[in-house]
Amino acid sequence: VLMPSRWEVFAGYAGETRHTTEETPLRPMGVLGETKFLCEMLAAEWNRAGRSEVLILRSGLVFGRAIAPNFIRHFIRKAESGDPIVTHKYENGAPHLDMISAADWADAFWRLVRHARSGLYQLGGGSLLNTPQIAHIVAAALKTGVPVRELTMEGLAANIQLDSSKLARLTGWQPASATREALTSFLASREDTDMKSPRGHK
């Protein structure tokens with residue numbers, strides 16, 4: 001069994017920029033973070049009890065054909081409509097995100113299932129991009145020239161980078177390209193159907 005997990009198990013490190021490994025103490029926050037935390041704990045217990053062999057693949061945000069985080073979909077809609085792209089700025093600055101292309105995630109997935117039957121492995125893109133940088137990449141790729149603005153918000157963002165060294169040592173996996181280049185390529189090659197919402201509307 002392979003269980004995907006997400007960086008939000010570290011979202012409780014609000015106000016920090018943290019390089020995490022599989023040994024970093026978990027500090028979830030929010031519904032998704034708490035849910036993934038509980039799933040990871042259950043999977044680890046099943047492994048220890050011999051009830052099932054479970055692989056946990058904990059990754060950053062995944063983008064690619066027919067899949068993208070909601071905020072990127074929002075940036076694209078704003079750029080296509082000619083409206084300014086508004087990003088959030090928290091008390092410790094703009095959020096910095098670890099993202100990975102769907103092709104790199106799939107490559108890591110298949111390598112992992114060929115090499116391991118249980119355990120926890122992290123998967124990151126190798127660098128962090130902040131949300132204004134991502135917004136500018138979207139605006140440049142779509143060639144709409146829309147401005148990027150920041151909206152100041154209360155609270156602190158957790159800037160989490162996932163170390164993929166354990167996965168790389170076991171499988172030889174490396175990202176095919178840097179996150180910025182992968183995101184630019186995705187935006188340049190995407191089809192209109194890629195960014196449709198579940199209801200079929202942009």
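Ser 59, looked at here in a predicted model, is in contact with Ser 5, Arg 6, Trp 7, Trp 105, Leu 123 and Leu 162 once its neighbours within four places in sequence are left aside. With one of these residues, Trp 105, the serine also shares a polar contact, in which the two side chains are joined at 3.5 Å. Ser 59 belongs to strand 3, which covers residues 55-59, and because its relative accessibility is 3%, where under 20% is the cut-off, the residue counts as buried.

A second polar residue to follow is Asn 130, which has its place in strand 8, residues 128-130. Asn 130 counts as buried because its relative accessibility is 16%, against the cut-off of under 20%. Not counting residues up to four places away in sequence, Asn 130 touches Ala 94, Pro 95 and His 96, while its side chain reaches the backbone nitrogen of Gln 133 at a distance of 2.8 Å.

Gln 133 leads on to the packing of two helices. Helix 4, residues 131-142, packs with helix 6, residues 179-189, at an angle of about 35°, and the axes of the two lie 9 Å apart; helix 4 passes helix 6 in a right-handed crossing. On the side of helix 4 the contact is made by Gln 133, Ile 134, Ile 137, Val 138 and Ala 141, and on the side of helix 6 by Arg 180, Leu 183, Thr 184 and Leu 187. Sorted by class, this contact of helix 4 with helix 6 comprises six nonpolar, two polar and one charged residues. Gln 133 thus appears twice, with its backbone nitrogen reached by the side chain of Asn 130 and as one of the helix 4 residues that make the contact with helix 6.

Technical notes:
Residues numbered from 1 in each chain as written. Predicted model: local features only at pLDDT ≥ 70, side-chain atom pairs only at ≥ 80, totals over all residues. Heavy atoms only, no water. Buried < 20%, exposed > 50% of the residue type's maximum accessible area, 1.4 Å probe, protein only. Polar contact = N/O pair within 3.5 Å; in protein donor to acceptor, adjacent residues only side chain to side chain. Contact = heavy atoms within 4.5 Å. Axes fitted to C-alpha atoms, helices over the stretch in contact; angles between N-to-C directions. Left-handed = near helix turned anticlockwise from the far one by under 90°. Nonpolar A, V, L, I, M, F, W, Y, C, P; charged D, E, K, R; others polar.
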